[in-house]
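Here is a short guided tour for you to follow with the model open beside the text. Feel free to rotate things as you read.

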Amino acid sequence: MGEVELSLEQKSRATQDAKAEVAQQLCDGSTLVTANKRLAREVLQQFNQHQLAQGKQAWDTADILPFEAWVFRLWQFIRDDSMDGGGSAESGTEIERRAGFNPSGATHTDHQADRIVLNALQSKAVWTKIISEDINTNQQNFQPLWNIAATVKTAMDAWRISRQWDIAIDDCGKSFLADHRSFARWANLFIHQCQKNNWMDAYQLIDVIIERVNVGKLIDFAPLIWMGFDSFNAQQKRLIAILRQNNIRLSIHQVADSGSRLHCQFRQYESESEQWLAAAHWIKDKIDHRPNQRLAVVAPNLNKSRGAIDYALSQILSPCHVIDSGSNRAKPFHISLGVKLNDSPVVDAALLLLSLTSTAGLTNSTISKVILTPFIGGADSECHARNKFEFWCRRYLPYELKFSGFLKILKQRKSTPPVPIFFEKIISSTALTSSIKKKHSFSYWSEFFLTWLENFGWPGERVLNSEQYQTVEAFKRELSTLGSLDLVANPVAVSTALSALTQRLNEKPFEPESPRVKVDVLGIMETAGIEFDAIWFGGLTERDWPPAVQESPFIPHSLQRQANYHRASVLLNADHARAQQNRLLNQCDEIVFSRYCFDQDVELLPSAFFDAPVETSLATAKPPQPTLIEYFQKHRPQLETFTGTQGLGKSDPSTRGGTSVIQDQAACPFRAYARHRLGACDADAREPGLSALDRGTLIHRILEGAWRALQSSEKLASMPDHALKQIIDDNIATCSKRFFHKSGSGKGFFQAQAQWLSQLLLQWFAVEKNREQEFRVVELEKQQQLTLGKLTLNFKIDRMDELADDTLMLIDYKTGMAGSIKGWFGERPKEPQLPLYALAQHFDTNDHKNNNQEHPLSTLAFGQIRAGQNAYVGISDDQPFQTAKHASNKVSKLSDARVDEELKNWPALIEYWNEQLVKLADQYYDGHAEVNPLDNTTCTYCDLQGLCRIFEAGKNDEHDVTSSDGPEE
């Protein structure tokens, strides 16, 4: 069919006369069909304003519909007409055959009235099933290489192109390329499914309407006005032609040609952000001079530039939204490209709550998000308590657990810290979980999901603003649409239903309705039919304008070009883009074309349509700096500054934290005060498996159990290797049980962990066997109390050995690097644990069995348990500690220590340590809290840098690694 003659409708007309003429036609009963929803809203608003300007107080609503809605309404008329007996008995025309209708033996009256139009969700489900089954049948060897979701999307796009541009499916099947033949096979299967079930989709629907008009069974058409169409596809051209052939009045309205180019500017900028910032300043200047102007920012690739435009306009036109992203104030501009529904916080919270229905495991971070989301019942009234409860969950819950496991923990812990509203909502959901393990229809899951959300009090107790309310309603509509899949799908599991809903929300853009604003941010297609006072058309780089040719990979290129599909041809694509750009010139009095030169370090060429006059000098402009900082400085709150290094002193000598209190005070007084007095600590979520702390605790427990069985070096030496391994393995199995649930890693992880631990500890006991003196283990995990100056510490001594010469050895296990013994000395010792053990044992007057007179201290050592680096590290009397000198012997003789002579005996060391550590204890007790790290390494693994702000203050640079006055190995 030839091109549609549109010359009569394309005659230029004065803008106001054109508006008045359209308004009069609508008053006379004409139907206006627009290219998009935005234009339909725009024209309806103009029509209402025109009626008010005429002095009218009431009038009939104008019949204005977007093209898709108008087509569907025609179908409803057809159905009603057919049900009333007006259907034709003719069948089998070429147009209907191409549309996929004409089942054998059927007539229009047989099936036309009850045909079902598939919505987008249903069509996608049918295509997904067809493609999945076909790939399983025909592509078994290559099945893992197929991305089904991406293939379905591309195939449905190819189907749309083939319908809109009259490309025959059979011609695709004749191609020598397998992808083209596969698509032809899928399309024919889709047509067969539609014939079999009396279905059709939106693209087949237009052909059915064309056929209906073609056979002379006319609907009572009102005069038609089509507006905002830059071009027409082949299917639309056939529809226009058949309507006109049947004497249906149809006019095509286009924007009047202004005939002038007086206010056309060309600008270029260094970066994209500078370009949009300049646009924001340009808009502000326009509004300041003429507040009633209607302005537009147009971007050829709005999807990519949306964030940059939003930030630039917010800085200049609405700085409060940059400072407070949650502000309820309306922005003075509107971005037409809606975000995906699941990107909205309130919908994201709904999906988060629905994820609890998953039969798979829930991560610790997912549970934390559920606890902290504001879109759940009781979020505001329990805000503080839930923050504490979430912190407790992150520290003590396993990395992954099922929802049933989470319920079990809550019941056992009685929701500690107390959050009764949250606890009640979680527990009450158990009544709904009975059906989760069964398969149900999509309509059942749609209702179930809504009930589940209502049970949790979604969307919360806060009053929703207009945008949030519209988002919630849009989500509920999509949830209701999910039930329509019952037509094309069998009952499914909850995970399948939730996945279908999530995919739908991810594909569904949502643009909430908002009051008319002065500034619109649009893609170029959305500007069709809308008039502005001035337009900034930016982003005119070779990469983005004209848009890249985008042909379908499932349709032969030659067929797409023969059909004049403009996105498949460089020339047609360029002509289409040029026509759109020229249309902008007729829609405003002033236009600015701009482009940017660099994307980071990549130089970008200007668009071929960035055709600045030769005489125009395009100096790369620098936009003014944003006013955001000025705004913030003007409205910033008055802050009270307090400078000091002294915290509150303690009133009670007892403290929690054990030896780490003194260690932290030595490392940095602020760390000790913040961690042990203020309760500050790292709150990162758990990771899969065991943390370093959990692994260290597990090894402590295993060694404690093993030594309770071994008791002495004599028994260790006489025990066969297989028996020793059995003791180790038994204790690994016993001690791992308490960590199994906490890790959430399953049996496989612990089986591998058990093998690794068994090998590691066998190597460690080889070090134990190599010790020179025989020994007997007399204490394991001994509870100890030590009064140190004004402070009383409570801690455990990992292990205490009685040696053959009746002296004592104190051992502290380390699963990391133990460092050197010089960390025991100095005014601020880095490793004070063993000196504290020595002081506790020396002053332990209650332990008559192991007091310092009967069993004097002779050895202090770290037991470094680390793969390939097992060793004892410490100091001892002059007796050799091990039978041979090797890597595991890092116990120095006290007489060889590089220290003052007066400290080369235990009484002097005890007195020295007592003096130094009492000072640290008293400083902690008195509240000394200066940010003063011992050296540069102190801050490396500290989790409190965000609290002390040491790097922002620049204090860390003042500290070099300090030397210790202690001994060296």
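## An aromatic pair in the interior

Phe554 counts as buried because its relative accessibility is 6%. Its partner, Phe183, is buried too, with a relative accessible area of 0%. One note before going further: this is a predicted model.

The structure holds 38 aromatic pairs. In the one formed by Phe183 and Phe554, the ring centres are 6.2 Å apart and the planes meet at 0 degrees, so the pair is stacked. It links distant parts of the chain: Phe183 belongs to helix α9 (residues 178-197), while Phe554 sits in the loop between β15 (534-537) and α23 (557-562), 371 residues apart.

## A second pair and its cluster

Now look at Trp545 and Phe609. Their ring centres lie 6.5 Å apart with the planes at 75 degrees, so this pair is edge-to-face. Trp545 is in the loop between β15 and α23, and Phe609 is in the loop between β18 (602-603) and β19 (620-621), so the pair ties together parts 64 residues apart in sequence. Both Trp545 and Phe609 are buried.

These two rings also have further company: Phe266, Phe537, Trp545, Phe593, Phe609 and Phe610 form one aromatic cluster.

## Strand β16 and its neighbours

Is strand β16 enclosed or open to the outside? Strand β16 (residues 590-596) has seven of its seven residues buried, so it is largely enclosed by the rest of the structure. In a regular strand, side chains alternate between the two faces of the sheet. Here Glu590, Val592, Ser594 and Tyr596 point one way from β16, Ile591, Phe593 and Arg595 point the other way, and all are buried.

Which strands pair with β16? Strand β7 (residues 264-269) does so in the parallel sense over six bridges, with Gln265 opposite Val592. β15 is also parallel to β16, pairing over four bridges, and there Ile535 stands opposite Ile591.

## A parallel pair with a crossover

Closer to the start of the numbering, strand β1 (residues 31-34) and strand β2 (residues 63-66) pair in the parallel sense over four bridges. Thr31 in β1 stands opposite Asp63 in β2. Between the two strands the chain passes through helix α2 (residues 37-53), and this β-α-β crossover is right-handed.

## Charges over rings

Two arginines are worth a click. Arg163 lies over the face of Trp159, at 4.9 Å from the ring centre. The charged end of Arg771 sits over the ring of Phe775, 3.8 Å from its centre.

## Cysteines without disulfides

How many disulfides are found in the whole structure? A search finds zero. A disulfide is a covalent bond between the sulfur atoms of two cysteines. For Cys264, the closest cysteine sulfur is that of Cys588, 8.5 Å away, which is too far for a bond.

Cys264 counts as partly exposed, at 29% relative accessibility. Cys383 is partly exposed as well, with a relative accessible area of 41%.

## The chain overall

Stepping back, the protein chain contains 35 helices and 25 strands. Of its 969 residues, 49% count as buried. Among contacts with a separation of 6 or more, 76% are between residues 24 or more positions apart. The stacked pair of Phe183 and Phe554, 371 residues apart, offers one example of a link between distant parts of the chain.

Key
Residues are numbered from 1 along each chain as its sequence is written. This is a predicted model: local features need pLDDT of at least 70, side-chain atom pairs count only at pLDDT 80 or more; totals for chains, interfaces and linings use all residues. Side-chain values use heavy atoms; hydrogens and water are left out. Two strands pair if DSSP finds at least two bridges between them. A crossover is right-handed if, with the strands pointing away from the viewer, the path from the first strand over the helix to the second runs clockwise. A disulfide is a pair of cysteine sulfur atoms within 2.5 Å. Buried means under 20% relative accessible area, exposed over 50%, partly exposed in between (1.4 Å probe, protein chains only). Rings of Phe, Tyr and Trp (its six-membered ring) pair if their centres lie within 6.5 Å; planes under 30 degrees apart count as stacked, over 60 as edge-to-face and the rest as tilted. A charge sits over a ring if NZ of Lys or CZ of Arg is within 6 Å of the ring centre and within 35 degrees of the ring normal. Contact means heavy atoms within 4.5 Å.
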